[in-house]
Each structure stands twice: as C-alpha cells, then as structure tokens.
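Biologist: Could you take me through this structure step by step? I would like each term explained when it comes up.

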Amino acid sequence: MSVILRLLTVVGSHRKCHATTLPPLTFFFTRQLQSFSSQEILHYRLQRCSSMAHLKLLHAHIVVLGLSQENFTLGKLISFAAVDERGDIDYAALVFNRIPQPNRFMFNSLIRGYSNGSRGPSEAIAMYREMLSSGVSPNEFTLPFVLKACAVESSHWLSTLLHGHGIKLGICSHVCVQNALMNALIGFRMTSDARKLFDEIDEKSLVSWNSMIGGYSRAGQTMEAFNLFRRMKDSRVGPDEITFVSLLSACSQARDSDLGMLVHLFIEMTGVQADLILRNALLDMYGKCGHLDSAEKIFRQTPEKNVISWTSLVTAYARNGCIKSARELFAQMPIRNAVSWNSLISAYLQNGHFGEVLSLFEEMQDSGFIPDEATLATVLSACAQIGDMAIGKRIHAYACETNLIALPIALANSLIAMYAKCGEVATALDIFREVQCKNLVSWNIAMGCLALQGCGAEAIELFREMEALGIQPDGITFTGLLTACSHSGLINLGRYYFERMMSVHSIPPEIEHYACMIDLLGRGGLLEEAIMLVGTMPMRADIVIWGSLLGACRIHKFAEMGRVLLKQLLELLPHSSGLCVLLSNLYSEAGRWEDRRKIRKIMNDIGVAKCDAISYIEIDGLVYEFMVDDRRSRWSNSIYPVLDRLTDHLKLEVPSGTL
DNA sequence: TTAGGGTTAG
C-alpha cells in the first residue's frame, strides 16, 4: 500500500502538469482505487502516455513495483517508445535488448517503429530476421511493416520471400497483408502485378482501393486510376480524402485541369472534409495545370498552412513564369526546408537565370540548409548550361564526401551531363563507366553528350553496347543516336536507325526525331529528300525543322529554295527572328544584296526583333557572359584586336563562305 | 491480453 501511496503522490503532482490531458484520473484514483491492481493502474497510465519524459517516469514505477519481468506491461512501454510520434526508437531498443525473451508484440512494435522512422528500414528487416532466429512466429501484424521496409529498400526478392512466409503461416488471407503485398509491388513499379493481386482480394477495404488508385497515380496511369475510381463507386465503398488526394495527384501529373476540376466538384458534392493534405493537393493541381488564380484562392482559404502549401504555390508561380512572385512568396515563408529552397532554385533554372541559381545555392548554405541530391542536381544543371566547371567540380567533391559508398544514380547522371557539356567528355565517360547501377537515363545522357560534342562514332558504339546488353532504348535514346549520325554525316546509318526505331523497337518518331533526320539529310545536301520527309510528318513542322532546312540551303547555297521556304514560313511564324536572320545571311553569302536589304526591311516592317544571344566563358574559375559586339568589359580594347587577328587567321584556314 | 495497411511540395 505504501508503494501505491508513493505512486499516487507522484501521479498527483504530475496531474497538475497535465490536467487537461488526464481528466478521468482523479475519479479513477479516488473512487475505484481499491478495485485496481498497481499493474492495471500502470497499464492505464501507459495507454495515456503523452511524452517520453512521462514514459520514463512510468518506467521507473515499473522498476519500483518489481514489474520489470512483466512482458505485457513492458510491451506497452516499448510500443509507445517505438511507434508513437512522440516516442524514441532508441529507448525502445534499449528496453527490448534487456528482455530475456521478447514476445511477438514487442518484435512487431520495434519492426513497425523501424519501418516508419528515419533510422532506416534495414533495421526493420534485421529485426524480422532476429524474430525468426529467436523462434518467435510472425503474424498478420508483422508482415505489413516488413513489406513496407522492403519497398523502401527496393528488395523485391525479400518481399517475395515474405509472401512465401505469409502463405506458410496462413496469414495471406488477411486484407492488411494483401494490401501490404500489393503496396510493395506498387513500390517496385510492378503496377500490373499489383492489379492482379488487387483483383484477387475478396473483401476489398477502403485501403485496398486507395492503394491501387494511388499506385496508378504514381505510375502516371491517370485513366486507369479514374476507371478504378468508377468501379470503386459501383462497389459501394465510399471514397475518403486519401482517394481524392491520389486522383488529384494523377491530374497534376497529366496536367489535366478538366479532370482536376471534376474531382474538386466531387469533393464538394460528397462533403468529404478537406484536410490540409487534400487542400495542398488541390493547390498543387491548379498550380501545375496553370490555373494560378484558383491555386492562390485555395492558398488564401487554407487557415493553417504548412511548408508544403507554401512550396506548392512557389512552384506554381515558377512553372508559370512568374519568377518575381515566386521570389516574393519565398521571402514571406514562415518556415522553409530543403525542398522549398530547391523549388526556388529550380524556378531560376527553368527560367534560364543560371547565375541566380548559383547565388541562391550559396545563400541556401549560408542560411544553414544542407543541400540534398535534388539541390546538387539542379545546380549541376546550371553549371552545365553556363559551362562553370569550377563549381561543378566543387559539387562533385561535395557529393563524393556525403555519399561515401556510391553516388545516387540521379546525381551521377547530372555529373556526367555537367562534365560532358563543359567539354570534359573523358571525365564524363569515366563517371559513366564507374556507375554500378546505370539506368536508361545514364545511357541516354552519355550518348546525347557524345553526339553533341561531335563524337558521333563513340555515341553509336555506346548504342551498340546498349543493344548487346539487352537494354531497351526509348525515344530519347534515338534522339541522341540520330544527332550522332547527323553531326558525323552518317546518312545511311541515320536512315537505318530511323527505320529500326519503329520497326524493331516500336517507338513512333516524334518531332525531334524528324528534326534530326531533316538536319542530317539537309547537311548532306539531300534537300529534296529532306523536304519529302517533312511532307510525311504526322505533325506540323516547327521552327527547328524549318531552321534546319534553311541552314541546309545556306550551306549548299540554294538561295532560291531558301526564299520559297521562307515565304511560306513567314506566314506560319511571322515573328521568328531566327528564320529572318538565316535568310538574310543566305542572301548576303550569295551576293544578293538587294534581297538581303528587302528581308531586313520586312523584319523592320513587321517588328521582328532579334534577340541577343548570350554566351558564357570560364577563365580561371570565373564565368563571364558576353554577346555579339559586347563592349561592356573593361578589357574590350584589348580583346577586340585579338579577335580581329583570330578572324583573319581563320579566313586563311577555312574555305570562304563558311565563316 | 495489447496493434496494422493507403495521401500532398523540389
């Protein structure tokens, strides 16, 4: 009794601190104290535990009361520490490790804690192994969390093994286990296998439907997600806010605002409570679909915004070209994280402000935020665009320091692209060769960069290597391959691959593939074949294609053909300065000065403005920008005489008309 | 005798 009194004293003093969270306790202790054991009182307290400090106090009581061997009590303690968001998984493990024979509930709690937490899902898998070796049999509560850990760890073989365990233990008929197996397949991007499993579930729960709809959404299969949603309604399982979040996410990816607005209407009709996550999903959908007014309205109407609400609107502004609004909103953000910084940095990259990308990168670090993989990839892309290899190399070093075992594949791909675009093709290929888990993107980047740097033969060799390894190419692969053929003047090989693209790989040619072929044929002087190919295109030719044809006319001095082309083109694209300049050059090189004067007049009359093209050059680690006839530099008086001398030398070396 | 699965931003 004295122990109970001591406990009451402590609990009583504690109650003062937590009066609002524990109102029934006074009644519990004063009226019914005699009918409860000290163990039951502890269980009551553990169920209402509110913090780790509180839990540690209760743990002390367990020790004082001599209940340290009571597995049921300790199980509740471990469960709070491992699973609750206010818990501490290390404390749970500490208690667990001192128990001679932990029971299944304890194992399940720790596995669940590890699978949810930031400590890494591999700990969950290790704990499952320990569970098996301890002779404790898993049950239907164990498997869902180990499967979740498998999905994060990308361990498909382990999830298959677990499926086998589930069958052996006879627990695969539980809908939660079935849902977990399905979600693991979705995580491995095996959407059609997940669907087969989904169809086999007899008693589908709301989570089953949401998992499969979410799976389609993540895979970008918008129509499948909506078809399943229709079936869900027929099966009389009512959607909840999570169903709608997945559907909106699918609409965002597909940039389908009509479908998105229908979902919005449906949410309002069904009366589902729009929580913060659902509001954020609506905001994101409107922002990505270009409906800035609606996105702003939802943002304003959201009473308690989180960092995702703010970042979504910053992204919406950036994607719609409102870089100033994005910057202003970012400045007002009450809380930021790495993603919000990345969002703003990407905004500047997307809008071509590469210098600003680099200064924001510095600012991000000065503000105490650690750049992550996405930050580094974005900044590397800016380095590639302006040829700033000095910063690119610094990022490479930083990435290697923070990823000691292996670079994440997306980061390795960005590095390959950066080195290649900065002209360090050998370094780019070294990294490409070193990367263990190359994906199709890695191959495409390496091939595309080799092609652009004029290493056509090497790019084609890389494609042959890909084919030999059985890696299925995509449309981007063929853009690189055809560019390689074009830049190396390999007309027959270009024709061969263009034909195989459809006949062997079932990839229908897109406009960029036609552009490569027309460029290849045009450069080779096969203007008629190039024009015939334009005629067979299933889509309208764009400025790139017409530009290629005009460029070919210029190289091969087909001034008259160029004039006919341009006449048609100016009707289609009246404000294209690039086309007008091309024709103007074409006339001047053919010595047709009167025609050249006319085209310049047309440009003036219709208000075609020639955009200034900015170039960048890196000298001693500093990047300088310049444009044609740029006199801004204080070194201009020294630069231009050297440039004139270089031009004179070039004129002597290169055949006339090509400069 | 305790408990579980699905969702939003770069």
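Modeller: We shall look at the nucleic acid contacts, then the core, the rings and two polar residues.
Modeller: This is a predicted model, in which local features need pLDDT of at least 70 and side-chain atom pairs count only at pLDDT 80 or more, while totals for chains, interfaces and linings use all residues. Residues are numbered from 1 along each chain as its sequence is written, chains are lettered from A and ligands numbered from 1 in the order in which they are written, and side-chain values use heavy atoms, with hydrogens and water left out.

Biologist: How many residues surround DNA strand B?

Modeller: There are 41 of them, and the closest are Glu-140, Asn-179, Asn-210, Asn-342 and Asp-372. Sugar and phosphate make up 35% of the strand B atoms that come within 4 Å of the protein. A residue is near a strand if one of its heavy atoms lies within 4 Å of it.

Biologist: What classes of residue form the surface near DNA strand B?

Modeller: That surface has 16 nonpolar, 15 polar and ten charged residues. Here Ala, Val, Leu, Ile, Met, Phe, Trp, Tyr, Cys and Pro count as nonpolar, Asp, Glu, Lys and Arg as charged, and the others, Gly among them, as polar.

Biologist: Which helix gives the most to it?

Modeller: Helix α19 (residues 307–319) does, with six residues. Helices are DSSP runs of H or I with at least four residues, numbered from the N terminus.

Biologist: Which part of DNA strand B is 3.1 Å from the side chain of Asn-108?

Modeller: A base nitrogen of the strand is at that distance from an N or O atom of the Asn-108 side chain. This is a polar contact, a pair of N or O atoms within 3.5 Å. Lys-288 has a polar side-chain atom 3.1 Å from a phosphate oxygen of DNA strand B, and for Ser-312 a polar side-chain atom lies 3.4 Å from a sugar or linking oxygen.

Biologist: Changing topic, which residues touch the most other members of the largest nonpolar core?

Modeller: They are Leu-55, Leu-110, Met-418 and Ile-518, out of 182 residues in that core. Helix α25 (residues 409–421) provides its largest share, eight residues. A nonpolar core is a set of buried Ala, Val, Leu, Ile, Met, Phe, Trp, Tyr and Cys residues joined through side-chain atoms within 4.5 Å. Buried means under 20% relative accessible area, with a 1.4 Å probe and protein chains only.

Biologist: And what does Met-418 touch?

Modeller: Not counting residues up to four places away in sequence, Met-418 touches Leu-380, Cys-383, Ala-384, Met-389, Gly-392 and Lys-393. Contact means heavy atoms within 4.5 Å.

Biologist: How many aromatic pairs are there?

Modeller: The structure holds 13. In one of them, Phe-244 and Phe-266 are tilted, at 5.9 Å centre to centre with 55° between the planes. Rings of Phe, Tyr and Trp (its six-membered ring) pair if their centres lie within 6.5 Å; planes under 30 degrees apart count as stacked, over 60 as edge-to-face and the rest as tilted.

Biologist: Why does Phe-244 count as buried?

Modeller: Phe-244 counts as buried because its relative accessibility is 0%.

Biologist: Where is Ser-246, and what does it touch?

Modeller: Ser-246 is in helix α15. Sequence neighbours up to four places away aside, Ser-246 touches Asn-210, Ile-213, Gly-214 and Ser-217.

Biologist: Is Asn-444 buried or exposed?

Modeller: Asn-444 is buried, because its relative accessible area is 10%. Asn-444 lies in helix α27 (residues 440–452).

Conventions. A polar contact is a pair of N or O atoms within 3.5 Å; within protein, one must be able to donate a hydrogen and the other to accept it, and residues adjacent in sequence count only if both atoms are side-chain atoms. Helices (H or I, at least four residues) and strands (E, at least two) are DSSP runs, numbered from the N terminus. Buried means under 20% relative accessible area, exposed over 50%, partly exposed in between (1.4 Å probe, protein chains only).
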